[in-house]
Amino acid sequence: MSQPAEEHAHAHDDHGHDHDHGDTGAHGHHEDGFIKKYLWSVDHKMIAKQYLFTGMAMGLIGGFFSYAFRMQMAYPGHNVPGFGVVSPNEYNQLITNHGTIMIFWLAMPVLIAAFGNFLIPLMLGCDDMVFPRINRLSYQIFLLSAIVLIASWFVPGGGFGGAWTAYPPLSAKSQYNLTPLGSTMWVIAVALEFVAFLLGGINFVTTAMNSRAPGMKMFDIPMVVWMIVIASILFMASVGPLVAGAVMLVFDQQLGTGFFDPVRGGDPILWQHLFWFFGHPEVYVVLLPAVGIVAEIITVFSRKKLFAYKTVLYTAFGTAVLSFFVWAHHQFIAGIDPRMANVFTATTVLISIPIAEMMFVYVATLYGGSITLTTPMLWALGFIGEFIIGGVTGIFLGSSGSDIYFHDTYFVLAHFHYTFVPIAVIAVFAATTYWFPKMFGTMMNETLGKIHFWGTVIPFNGIFIPLFITGMGGDHRRIYNYANFPEQWTPHLIQMREFATVSLLVLIAFQGIFFINFFYSMFKGKPAGNNPWNANTLEWQTVSPPPHGNFAELPNCYRGPYEYSVPGREEDFWPQNEVG
Amino acid sequence: MSDAAATHGEHDEAAHLAHYMKIYRTLVVLFLVSVSGPFISDHFVHSKALVLVTAFGIALVKAYLVCAHFMHLNVEKKFVIYMLTTALVFMFLFFAGVSPDIMEHRGRNWENVAAREETASALKEQAERAAHPGEHEGAEHAE
Amino acid sequence: MSRPIATTRSVTGIATGKLAVWWVLASEIVIFGGLLCSYLMHRLGHPEFGGYAAHTNTALGATNTFVLLTSSLFAVRAHFEAEHGRGKSAANWLYMTVGGALTFLCIKGYEWHHEISEGFVISKNAFWSFYYTAAGLHACHVIGGAIIMLIIAQDAKKNQELQRVELIGIYWHFVDVVWIFLFPLLYIAK
């Protein structure tokens, strides 16, 4: 279709186009071959599944890494079944790649890319993303980045082992990190991943801004779409300096430039700033979609309107802006200016207010609702409970005084796992179990789902509560073998480390139940019907799974997404596209 | 599009082109000024203020003209301007947060010894080179 | 290939393609911004950078500024022609713009050749690291822009996808604006 040069004056004509197409139905739907359907697809739902499965596969690798290094922590020097004896270099590579994978190849692709791709067009009532081919390109670059990362473990010298923060000079000079190729491939993989998410993010934001169903106003957009869009903007605005920084780091590694070399006029602290200027907003990039997912689930399963929709929205914007003002709390002992440390302490403690407020809003939504404890609801409630522990322990680390003591101990590690596990594991399971019927057209097994929930959440606490204690006991994060440190090799701390490791083994064992449930339900589950949860949002108003083009007739939108239990109506839900 | 051309007419088209040419001529004049300022400072009257104003101040004006008239931000929706400005503001924030550590080499309770030594030795070498230009030129070519 | 209906909607009143280009530019602003801010704080903290900058060729840098300014005029002419439905003429102006890009790159190549042969290589010190990286990143954008312009010109010749002429123009002006700042930062600050 050829269009004339688009102009502001022609904006209204575009709506005209819209209806013409709507009458003729979904465009060009026909059966494609396997490659075209599964690997070369431009359909947003297929791309979402590609991201979901790639993210899950990477998550399994990251989980396996954590198994190997936790075994080394509890039983140093012993043979780890399925891995072998963990050498010091391997240990560094394992923890570095565990962190990188879990954030960049699990949390980001699943929470933002997979659910963003799946939900945005469906929830906004359009047939696809605005740029389907850029969407496909985004996934292909993402896949390439994963391949580069995996390849980096097999080059001479092995994978990068300088921690996911990659501070120079350790990361910049191969005589220190001993991985001349692995370190560069690691940076390139991360940079490619950024490019993939920039392309994806532009697609998400443009779609949400321009392609909403007729009648859908700003405040009729479901919260999860808002959150993914805000997260995409946040990502776009914060990642730029680090993209430049990645180029600088690769040049330092391979061309011998002096960006982070003080002897030639550079400065290694610059990298820390470039990294954390992105790194801290990144926490909120993955947190906000998780918070949005939880909002969808708790409103559906408490049959109530989301308490204070606009407040949550403004709070999310406020959090996003504030998240740019906190980055240097990662550097309190890095030699930054103490005056700046004061400023960053204040802003860091300040950011706990909007996050706490969102949690209170969710509790208020639950209050007085008719709550059904389905598997997705359990995950959503689990998210709130666990994330609060992560938030509260963060206060100690945000205050520069106590952070100087806690810095780089297992306390920090336990804290950020209490934020990231609810985000990247609990919220992902919440979303997967909630939208599974729409994605695959079948229901998951509730009993298995509940066993999996308790089998995940209890061991999760079993892993990280002991690590708070070892951290306060002085365990430093980067130690390979505590047997070499007599003052840390006490029976109490040894027990704590073993308890954490055993808990991890239990947690990993319970994931088997999820995969059995997932794949069994995909093929043999009972049919879901269009709207198994009686939800209002537009994705539930089409068939499951939605066909190419999503809707038989593109919907119009008449009301907000959370009109549950409206008085005077027979049904306790009121779909957004229902007339009258 | 043909409607638009018909209503606006030939005259409007010519006026539009003339406008672009006017902006271009202004840009070229500003460009000449921005080059001549540092040139004057180098060869005639040494003045740091002159360099700053001509080179950097005029760069801002030039960028404004290109953005407003060539990128048509002057007729674009306000939202786009806010969006681009926000991105810029974050860069100022980045500069404000980072420069105390990188730009300064000494603060309360800390000193960047390596940077201070490097600056001192490099300045000394440059001063020597300025005093004896011949020798060092030769040495450099040999390198 | 047929477009999804989503692409043709325009709730904001800004055409979808153009909105996406603006978002691309916002993300480019922070990429160049991060690099230039990093350079600027080093430049202000290290007075010796001024001495190094004295070795850059201001005359050629200035010529390149003029070349890019002129190519920007060509790009806006291409947009003007496309706006009035004259695809062939728009394509020709795009080719002129690509000519500007090539001139820019040739001058840049000559400059770098000269500097490298004098021993000012990228690994010499932080100033030269920034000099080559910032100009190099910008040059990559010039090359990318030129390639996209050639592709768009192919369509424009046949009077297809004329709205894209404006989009690449917006990108090209951005590349020009970046150079407007890079030129004084790298060449004039002595």
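I call a residue buried when its relative accessible area is under 20%. With that cut-off in hand, I started on chain C of this predicted model, where 69% of the 190 residues count as buried.

**Entry: chain C overall**

I looked up the secondary structure next and found seven helices and zero strands in chain C. Read from the N terminus on, the elements go α-α-α-α-α-α-α. I then boxed the C-alpha trace along its principal axes and got about 55 × 30 × 25 Å. For contacts in chain C between residues at least 6 apart in sequence, I noted that 78% join residues at least 24 apart. The accessible surface of chain C is about 5,500 Å², and carbon and sulfur atoms hold 68% of that. I also checked charges: chain C has 13 positive and 11 negative ones, with mean positions 7 Å apart.

**Entry: helix H2 of chain C**

I wanted to see how the span of H2, residues 16-45 of chain C, fits its length. Its 30 residues should cover 44 Å at 1.5 Å a residue, and the end C-alpha atoms sit 43 Å apart, so the two agree. H2(C) is also mostly covered, with 26 of its 30 residues buried.

**Entry: chain A overall**

Over to chain A, where I counted 16 helices and two strands. Its radius of gyration is 24 Å, close to the 25 Å that the globule rule gives for 580 residues, so chain A is as compact as a globular protein of that length. The C-alpha atoms fill a box of roughly 75 × 55 × 50 Å along the principal axes. Buried residues account for 63% of the 580 in chain A. Of the chain A contacts between residues at least 6 apart in sequence, 81% join residues at least 24 apart. I put the exposed area of chain A at about 20,600 Å², with 69% of it supplied by carbon and sulfur atoms. Chain A carries 25 positive and 36 negative side chains, and the centres of these two sets lie 4 Å apart.

**Entry: helix H10 of chain A**

H10 of chain A covers residues 309-322, which is 14 residues. I get 20 Å from its first C-alpha to its last, close to the 20 Å expected at 1.5 Å a residue. Which residues of H10(A) are buried? I listed A:Tyr309, A:Val312, A:Leu313, A:Thr315, A:Ala316, A:Thr319, A:Ala320 and A:Leu322. A handy reminder for reading such a list: an α-helix has 3.6 residues a turn, so residues three or four places apart point the same way. The cover over the buried residues of H10(A) includes H8, H9 (268-302) and H11 (338-366) of chain A.

**Entry: two residues of chain A**

Is A:Met216 buried or exposed? I found a relative accessible area of 5%, so A:Met216 is buried. A:Met216 sits in the loop between helix H7 (182-210) and helix H8 (223-254) of chain A. Leaving out residues up to four places away in sequence, A:Met216 touches A:Met123, A:Leu124, A:Ile221, A:Leu538, A:Cys557 and A:Gln576. I also took its separation from A:Gly401: 185 residues along the chain, and 49 Å between C-alpha atoms.

A:Tyr405 belongs to helix H13 (residues 400-406) of chain A. Its relative accessibility is 53%, so I put A:Tyr405 down as exposed. Between A:Tyr405 and A:Met472 I noted 67 residues in sequence and 8.9 Å in space, C-alpha to C-alpha.

Definitions and conventions:
Residues numbered from 1 in each chain as written. Chains lettered and ligands numbered in written order. Predicted model: local features only at pLDDT ≥ 70, side-chain atom pairs only at ≥ 80, totals over all residues. Heavy atoms only, no water. Helix = DSSP H or I, 4+ residues; strand = E, 2+ residues; numbered from the N terminus. Rg over C-alpha atoms; globule rule 2.2 N^0.38 Å. Buried < 20%, exposed > 50% of the residue type's maximum accessible area, 1.4 Å probe, protein only. Contact = heavy atoms within 4.5 Å. Areas by Shrake-Rupley, 256 points an atom, 1.4 Å probe, with all protein chains shown as cover. Lys, Arg positive; Asp, Glu negative; His and termini not counted. Charge placed at Lys NZ, Arg CZ, Asp CG, Glu CD. Expected span 1.5 Å × (residues − 1).
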